[in-house]
Amino acid sequence: MRLSAIARIATASALLATLATQPAFGWGRDGHMLINKLAAQNLPDDVPYFLRNGNGLDVMEWMGPEPDRWKQRDAEPELVATQSPDHFLDYEWAIYGATPCDAGTTDCVDGYRFPRKRYDFVRAMQAALPQHPEIKSFETVGFQPWQVEEVWERLKSDLREYRKEVAAKQDTAPVQLAILFDAGWLGHYVGDGSQPLHVSIQYNGWTGPNPNGYAVFDKQNGIHAKFESVYVSANVKPDTDVAPLVAASKPADITDEWTQYFDYLHHTHSLVERLYQLDKAKAFDGAGTPEGKAFVDERLAAGAIELRDLIYSAWVHSADPVQEYHGPQ
Ligand SMILES: [Zn+2]
(Lines give C-alpha, C1' and ligand atoms only; values in the text may rest on other atoms or scores of the structure.)
Protein backbone atom coordinates (compact mmCIF):
# COMPACT_ATOMS: atom_id res chain seq x y z
CA MET A 1 0.00 0.00 0.00
CA ARG A 2 2.67 2.48 1.04
CA LEU A 3 5.02 1.76 -1.85
CA SER A 4 2.33 1.95 -4.50
CA ALA A 5 0.96 5.11 -2.90
CA ILE A 6 4.42 6.69 -3.11
CA ALA A 7 4.81 5.67 -6.75
CA ARG A 8 1.43 7.18 -7.59
CA ILE A 9 2.31 10.38 -5.76
CA ALA A 10 5.53 10.62 -7.78
CA THR A 11 3.57 10.26 -11.03
CA ALA A 12 0.98 12.77 -9.89
CA SER A 13 3.72 15.23 -8.86
CA ALA A 14 5.26 15.09 -12.32
CA LEU A 15 1.84 15.66 -13.86
CA LEU A 16 1.02 18.53 -11.54
CA ALA A 17 4.37 20.18 -12.27
CA THR A 18 3.36 20.38 -15.92
CA LEU A 19 0.06 21.96 -14.90
CA ALA A 20 1.52 24.44 -12.44
CA THR A 21 0.78 27.42 -14.65
CA GLN A 22 -2.93 26.64 -14.90
CA PRO A 23 -5.05 28.50 -12.36
CA ALA A 24 -8.10 27.41 -10.35
CA PHE A 25 -6.73 24.36 -8.59
CA GLY A 26 -8.29 25.01 -5.15
CA TRP A 27 -5.41 24.72 -2.78
CA GLY A 28 -2.31 23.38 -4.50
CA ARG A 29 -1.19 19.81 -3.98
CA ASP A 30 0.52 20.58 -0.66
CA GLY A 31 -2.46 22.44 0.80
CA HIS A 32 -4.91 19.66 -0.08
CA MET A 33 -2.66 16.94 1.36
CA LEU A 34 -2.23 18.92 4.54
CA ILE A 35 -5.97 19.52 5.01
CA ASN A 36 -6.90 15.87 4.44
CA LYS A 37 -4.20 14.48 6.72
CA LEU A 38 -4.84 16.93 9.58
CA ALA A 39 -8.57 16.23 9.45
CA ALA A 40 -8.00 12.47 9.79
CA GLN A 41 -5.36 12.93 12.49
CA ASN A 42 -7.78 14.94 14.59
CA LEU A 43 -10.81 12.67 14.36
CA PRO A 44 -12.17 11.72 17.80
CA ASP A 45 -11.43 8.29 19.26
CA ASP A 46 -14.93 6.94 18.66
CA VAL A 47 -14.40 7.09 14.86
CA PRO A 48 -13.21 3.67 13.52
CA TYR A 49 -9.46 3.31 13.78
CA PHE A 50 -8.91 2.47 10.09
CA LEU A 51 -9.68 6.14 9.29
CA ARG A 52 -6.99 7.31 11.71
CA ASN A 53 -4.19 4.71 11.55
CA GLY A 54 -1.04 4.93 9.41
CA ASN A 55 -2.68 3.53 6.29
CA GLY A 56 -5.73 5.74 6.80
CA LEU A 57 -3.57 8.87 7.04
CA ASP A 58 -1.55 7.83 3.95
CA VAL A 59 -4.69 7.34 1.86
CA MET A 60 -6.33 10.52 3.12
CA GLU A 61 -3.21 12.51 2.31
CA TRP A 62 -2.86 10.99 -1.16
CA MET A 63 -6.54 11.61 -1.91
CA GLY A 64 -6.29 15.33 -1.07
CA PRO A 65 -5.42 16.44 -4.62
CA GLU A 66 -7.24 13.55 -6.34
CA PRO A 67 -10.02 15.51 -8.12
CA ASP A 68 -7.36 17.89 -9.46
CA ARG A 69 -5.82 14.89 -11.24
CA TRP A 70 -9.09 14.75 -13.20
CA LYS A 71 -8.42 18.10 -14.87
CA GLN A 72 -6.30 16.93 -17.79
CA ARG A 73 -8.19 18.60 -20.63
CA ASP A 74 -6.33 16.92 -23.49
CA ALA A 75 -6.60 13.40 -22.02
CA GLU A 76 -10.04 13.21 -20.34
CA PRO A 77 -12.07 16.10 -21.79
CA GLU A 78 -15.53 14.77 -20.88
CA LEU A 79 -14.59 14.22 -17.25
CA VAL A 80 -12.99 17.67 -17.08
CA ALA A 81 -16.13 19.30 -18.45
CA THR A 82 -18.41 17.58 -15.95
CA GLN A 83 -16.38 17.69 -12.77
CA SER A 84 -14.59 21.06 -12.96
CA PRO A 85 -17.62 23.02 -11.65
CA ASP A 86 -17.64 20.80 -8.53
CA HIS A 87 -14.59 22.68 -7.20
CA PHE A 88 -16.01 26.19 -6.87
CA LEU A 89 -19.07 28.36 -6.31
CA ASP A 90 -19.31 31.87 -7.68
CA TYR A 91 -21.33 33.06 -4.71
CA GLU A 92 -22.19 36.45 -6.22
CA TRP A 93 -23.91 34.64 -9.09
CA ALA A 94 -25.24 31.58 -7.25
CA ILE A 95 -27.71 33.71 -5.29
CA TYR A 96 -29.66 34.17 -8.55
CA GLY A 97 -30.57 30.48 -8.21
CA ALA A 98 -31.62 30.91 -4.55
CA THR A 99 -34.72 32.40 -2.95
CA PRO A 100 -34.69 35.25 -0.43
CA CYS A 101 -35.53 34.17 3.11
CA ASP A 102 -35.73 35.57 6.64
CA ALA A 103 -32.87 34.97 9.06
CA GLY A 104 -33.55 32.05 11.35
CA THR A 105 -35.86 30.19 8.98
CA THR A 106 -34.97 26.72 7.62
CA ASP A 107 -31.87 26.58 5.39
CA CYS A 108 -31.55 30.39 5.40
CA VAL A 109 -27.96 31.62 5.06
CA ASP A 110 -27.41 35.38 4.92
CA GLY A 111 -30.83 36.04 3.41
CA TYR A 112 -30.82 33.25 0.81
CA ARG A 113 -32.12 29.70 0.69
CA PHE A 114 -30.44 27.49 -1.91
CA PRO A 115 -32.11 24.37 -3.35
CA ARG A 116 -30.62 21.31 -1.66
CA LYS A 117 -30.83 19.17 -4.77
CA ARG A 118 -28.32 19.86 -7.55
CA TYR A 119 -30.73 19.66 -10.47
CA ASP A 120 -33.21 21.96 -8.71
CA PHE A 121 -30.40 24.51 -8.53
CA VAL A 122 -29.53 23.91 -12.22
CA ARG A 123 -33.16 24.58 -13.19
CA ALA A 124 -33.27 27.71 -11.02
CA MET A 125 -30.03 29.06 -12.52
CA GLN A 126 -31.16 28.24 -16.04
CA ALA A 127 -34.36 30.22 -15.43
CA ALA A 128 -32.32 33.18 -14.11
CA LEU A 129 -29.84 33.33 -17.01
CA PRO A 130 -31.91 35.56 -19.36
CA GLN A 131 -31.78 38.36 -16.75
CA HIS A 132 -28.02 37.91 -16.27
CA PRO A 133 -26.25 37.87 -19.63
CA GLU A 134 -22.87 38.15 -17.85
CA ILE A 135 -23.28 34.45 -16.91
CA LYS A 136 -22.49 32.31 -19.95
CA SER A 137 -24.01 29.04 -18.68
CA PHE A 138 -25.25 27.57 -15.41
CA GLU A 139 -22.17 25.42 -14.94
CA THR A 140 -19.88 28.46 -14.86
CA VAL A 141 -21.49 29.27 -11.48
CA GLY A 142 -20.13 26.05 -9.92
CA PHE A 143 -21.60 23.22 -7.83
CA GLN A 144 -19.27 23.16 -4.80
CA PRO A 145 -21.83 22.68 -2.00
CA TRP A 146 -23.88 20.15 -3.97
CA GLN A 147 -20.79 18.05 -4.60
CA VAL A 148 -19.89 18.20 -0.89
CA GLU A 149 -23.41 17.18 0.11
CA GLU A 150 -23.50 14.25 -2.33
CA VAL A 151 -20.05 12.89 -1.46
CA TRP A 152 -20.83 13.32 2.26
CA GLU A 153 -23.98 11.25 1.75
CA ARG A 154 -21.95 8.55 -0.02
CA LEU A 155 -19.60 8.50 2.98
CA LYS A 156 -22.48 8.23 5.44
CA SER A 157 -24.04 5.44 3.37
CA ASP A 158 -20.80 3.42 3.32
CA LEU A 159 -20.29 3.98 7.06
CA ARG A 160 -23.80 2.61 7.62
CA GLU A 161 -22.79 -0.46 5.60
CA TYR A 162 -19.65 -0.79 7.75
CA ARG A 163 -21.75 -0.80 10.92
CA LYS A 164 -23.92 -3.56 9.47
CA GLU A 165 -20.93 -5.68 8.50
CA VAL A 166 -19.29 -5.24 11.90
CA ALA A 167 -22.55 -6.31 13.55
CA ALA A 168 -22.73 -9.35 11.25
CA LYS A 169 -19.05 -10.16 11.99
CA GLN A 170 -18.18 -9.96 8.28
CA ASP A 171 -14.83 -8.98 6.74
CA THR A 172 -14.89 -5.17 6.60
CA ALA A 173 -11.74 -4.70 4.47
CA PRO A 174 -13.68 -3.96 1.24
CA VAL A 175 -16.02 -1.40 2.81
CA GLN A 176 -13.08 0.25 4.57
CA LEU A 177 -11.56 0.86 1.12
CA ALA A 178 -14.77 2.53 -0.08
CA ILE A 179 -14.98 4.68 3.07
CA LEU A 180 -11.40 5.89 2.78
CA PHE A 181 -12.02 6.83 -0.84
CA ASP A 182 -15.22 8.71 0.08
CA ALA A 183 -13.59 10.57 2.98
CA GLY A 184 -10.50 11.52 1.00
CA TRP A 185 -12.57 12.57 -2.02
CA LEU A 186 -14.84 14.68 0.20
CA GLY A 187 -11.75 16.31 1.70
CA HIS A 188 -10.73 17.83 -1.59
CA TYR A 189 -13.91 19.87 -2.01
CA VAL A 190 -14.18 20.83 1.65
CA GLY A 191 -10.61 22.09 1.33
CA ASP A 192 -11.52 24.10 -1.77
CA GLY A 193 -14.33 25.63 0.29
CA SER A 194 -11.93 27.31 2.73
CA GLN A 195 -10.08 29.06 -0.11
CA PRO A 196 -11.73 32.46 -0.64
CA LEU A 197 -10.82 32.52 -4.34
CA HIS A 198 -12.97 29.40 -4.82
CA VAL A 199 -16.21 31.01 -3.73
CA SER A 200 -16.15 34.20 -5.76
CA ILE A 201 -16.31 35.64 -9.26
CA GLN A 202 -13.05 37.38 -8.20
CA TYR A 203 -11.27 34.02 -8.48
CA ASN A 204 -8.11 35.15 -10.21
CA GLY A 205 -7.95 38.95 -10.18
CA TRP A 206 -10.50 41.66 -9.43
CA THR A 207 -13.17 42.16 -12.09
CA GLY A 208 -15.51 45.13 -12.46
CA PRO A 209 -14.92 48.52 -10.77
CA ASN A 210 -11.59 48.42 -8.95
CA PRO A 211 -11.20 51.70 -7.01
CA ASN A 212 -8.80 50.10 -4.51
CA GLY A 213 -6.41 48.92 -7.19
CA TYR A 214 -6.47 45.21 -6.34
CA ALA A 215 -4.63 42.64 -8.47
CA VAL A 216 -6.29 42.14 -11.85
CA PHE A 217 -6.63 39.02 -14.01
CA ASP A 218 -3.28 37.49 -14.98
CA LYS A 219 -3.40 34.04 -16.52
CA GLN A 220 0.26 33.19 -16.02
CA ASN A 221 1.12 34.84 -12.67
CA GLY A 222 -2.27 35.54 -11.14
CA ILE A 223 -3.25 35.90 -7.51
CA HIS A 224 -4.95 32.50 -7.44
CA ALA A 225 -1.89 30.28 -7.95
CA LYS A 226 0.37 32.66 -6.02
CA PHE A 227 -1.86 32.48 -2.94
CA GLU A 228 -2.84 28.82 -2.86
CA SER A 229 0.20 27.08 -4.33
CA VAL A 230 3.40 29.13 -4.53
CA TYR A 231 3.01 30.85 -1.16
CA VAL A 232 1.69 27.77 0.68
CA SER A 233 4.40 25.43 -0.62
CA ALA A 234 7.19 27.87 0.23
CA ASN A 235 6.01 29.07 3.63
CA VAL A 236 3.61 26.75 5.44
CA LYS A 237 4.93 24.08 7.80
CA PRO A 238 1.97 21.77 8.48
CA ASP A 239 3.15 20.34 11.80
CA THR A 240 4.09 23.58 13.52
CA ASP A 241 1.91 26.18 11.78
CA VAL A 242 -1.45 24.53 11.09
CA ALA A 243 -1.69 21.36 13.20
CA PRO A 244 -1.93 23.23 16.54
CA LEU A 245 -4.84 25.33 15.22
CA VAL A 246 -6.76 22.19 14.26
CA ALA A 247 -5.92 20.37 17.50
CA ALA A 248 -7.15 23.35 19.54
CA SER A 249 -10.71 23.07 18.15
CA LYS A 250 -13.12 20.54 19.63
CA PRO A 251 -14.73 18.04 17.22
CA ALA A 252 -18.37 18.94 16.60
CA ASP A 253 -21.27 16.75 15.53
CA ILE A 254 -23.03 18.68 12.76
CA THR A 255 -26.77 18.06 12.84
CA ASP A 256 -27.65 19.86 9.57
CA GLU A 257 -24.66 19.47 7.27
CA TRP A 258 -26.27 21.36 4.36
CA THR A 259 -26.88 24.64 6.18
CA GLN A 260 -23.72 24.36 8.26
CA TYR A 261 -21.66 23.90 5.09
CA PHE A 262 -23.30 26.90 3.44
CA ASP A 263 -22.46 28.96 6.54
CA TYR A 264 -18.86 27.80 6.13
CA LEU A 265 -18.83 28.82 2.44
CA HIS A 266 -20.47 32.12 3.24
CA HIS A 267 -17.80 32.86 5.85
CA THR A 268 -15.08 31.99 3.33
CA HIS A 269 -16.73 34.34 0.86
CA SER A 270 -16.68 37.15 3.44
CA LEU A 271 -12.85 36.96 3.35
CA VAL A 272 -12.43 37.55 -0.39
CA GLU A 273 -11.75 41.28 -0.19
CA ARG A 274 -9.49 40.82 2.86
CA LEU A 275 -7.37 38.46 0.75
CA TYR A 276 -7.05 41.11 -1.98
CA GLN A 277 -6.14 43.75 0.59
CA LEU A 278 -3.42 41.50 1.99
CA ASP A 279 -2.17 40.74 -1.51
CA LYS A 280 -1.94 44.44 -2.27
CA ALA A 281 0.25 44.81 0.85
CA LYS A 282 2.57 42.10 -0.58
CA ALA A 283 1.42 39.61 2.06
CA PHE A 284 1.88 36.63 -0.29
CA ASP A 285 4.99 37.70 -2.23
CA GLY A 286 8.00 35.56 -1.39
CA ALA A 287 8.08 35.07 2.39
CA GLY A 288 5.12 37.47 2.64
CA THR A 289 4.06 39.22 5.85
CA PRO A 290 3.00 37.93 9.29
CA GLU A 291 -0.59 38.95 8.50
CA GLY A 292 -0.54 36.98 5.25
CA LYS A 293 0.93 33.95 6.98
CA ALA A 294 -1.70 34.03 9.75
CA PHE A 295 -4.44 34.33 7.14
CA VAL A 296 -3.23 31.31 5.16
CA ASP A 297 -2.65 29.17 8.27
CA GLU A 298 -6.14 29.97 9.54
CA ARG A 299 -7.76 29.12 6.18
CA LEU A 300 -5.94 25.79 5.90
CA ALA A 301 -6.90 24.96 9.49
CA ALA A 302 -10.51 25.96 8.79
CA GLY A 303 -10.61 23.46 5.90
CA ALA A 304 -9.20 20.65 8.07
CA ILE A 305 -11.59 21.43 10.95
CA GLU A 306 -14.63 21.45 8.65
CA LEU A 307 -13.56 18.16 7.06
CA ARG A 308 -12.91 16.52 10.44
CA ASP A 309 -16.35 17.56 11.66
CA LEU A 310 -18.08 16.42 8.47
CA ILE A 311 -16.41 12.98 8.65
CA TYR A 312 -17.23 12.76 12.35
CA SER A 313 -20.88 13.65 11.81
CA ALA A 314 -21.15 11.21 8.88
CA TRP A 315 -19.99 8.53 11.32
CA VAL A 316 -22.41 9.59 14.06
CA HIS A 317 -25.40 9.85 11.70
CA SER A 318 -24.59 6.60 9.91
CA ALA A 319 -26.21 5.06 13.00
CA ASP A 320 -29.53 6.83 12.32
CA PRO A 321 -32.22 4.30 11.42
CA VAL A 322 -33.19 4.09 7.73
CA GLN A 323 -35.83 2.24 5.77
CA GLU A 324 -34.23 -0.57 3.78
CA TYR A 325 -34.31 -0.01 0.01
CA HIS A 326 -36.00 -2.84 -1.89
CA GLY A 327 -35.81 -1.50 -5.44
CA PRO A 328 -38.36 0.60 -7.35
CA GLN A 329 -41.88 0.14 -6.07
ZN1 LIG B 1 -10.40 21.64 -6.33
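Two strands are said to pair if DSSP finds at least two bridges between them. I begin with that definition because the small sheet in this chain rests on it: two bridges join β1 to strand β3, residues 112–113, and the two run antiparallel. In β3, Arg113 is the bridge partner of Thr99. I should add at once that the structure before you is a predicted model.

Let me now turn to the chain as a whole. Its secondary structure comes to 13 helices and three strands. The radius of gyration is 20 Å, close to the 20 Å that the globule rule gives for 329 residues, so the chain is as compact as a globular protein of that length. Along the principal axes, the C-alpha atoms fill a box of roughly 65 × 45 × 40 Å. Of the 329 residues, 51% count as buried. As for contacts between residues at least 6 apart in sequence, 76% of them join residues at least 24 apart.

I return to the sheet. How are the three strands ordered? The order is β1-β3-β2, in an open sheet with antiparallel pairing. The edge strands are β1, residues 99–100, and β2, residues 108–109, each of which pairs on one side only. In general, strands of a sheet pair through backbone hydrogen bonds, either parallel or antiparallel.

Two loop residues in this region deserve attention. Asp107 is found in the loop between β1 and β2, and Asp110 lies in the loop between β2 and β3. Asp107 has a positive phi of about 60 degrees although it is not a glycine. Asp110 is likewise a residue other than glycine with a positive phi, near 50 degrees. Which of the two words, buried or exposed, applies to Asp107? With a relative accessible area of 13%, Asp107 is buried. Asp110, at 55% relative accessibility, counts as exposed.

The next topic is the disulfide. The count for this structure comes to one, and the bond joins Cys101 to Cys108, with an S to S distance of 2.0 Å. The torsion about the S-S bond of Cys101 and Cys108 is about 95 degrees, so this disulfide is right-handed. Both Cys101 and Cys108 are buried.

I come next to the zinc ion. Which protein atoms serve as its donors? They are ND1 of His87, NE2 of His188 and OD of Asp192, lying 2.1 Å from the ion. The spacing of these donor residues in sequence is H-x100-H-x3-D. The two histidines link distant parts of the chain: His87 is in the loop between α4 (77–83) and α5 (91–94), whereas His188 is in helix α8, residues 173–192, and they are 101 residues apart. Both His87 and His188 are buried.

My final topic is helix α12, residues 272–280. Its buried residues are Val272, Leu275, Tyr276, Leu278 and Asp279. Seen down the axis of α12, these residues fall within an arc of 160 degrees, so they line one face of the helix. The general background is that an α-helix has 3.6 residues a turn, so residues three or four places apart point the same way. What do the buried residues of α12 pack against? They pack against α9 (223–235), α11 (257–269) and α13 (290–317). After α12 comes Lys282, whose phi is positive, near 65 degrees.

Thank you for your attention.

Notes. Residues numbered from 1 in each chain as written. Predicted model: local features only at pLDDT ≥ 70, side-chain atom pairs only at ≥ 80, totals over all residues. Heavy atoms only, no water. Helix = DSSP H or I, 4+ residues; strand = E, 2+ residues; numbered from the N terminus. Disulfide = S-S within 2.5 Å. Buried < 20%, exposed > 50% of the residue type's maximum accessible area, 1.4 Å probe, protein only. Arc of directions from axis to C-beta. Contact = heavy atoms within 4.5 Å. Donors = N, O, S within 2.8 Å, 3.2 Å for Na, K, Ca; no water. Rg over C-alpha atoms; globule rule 2.2 N^0.38 Å.
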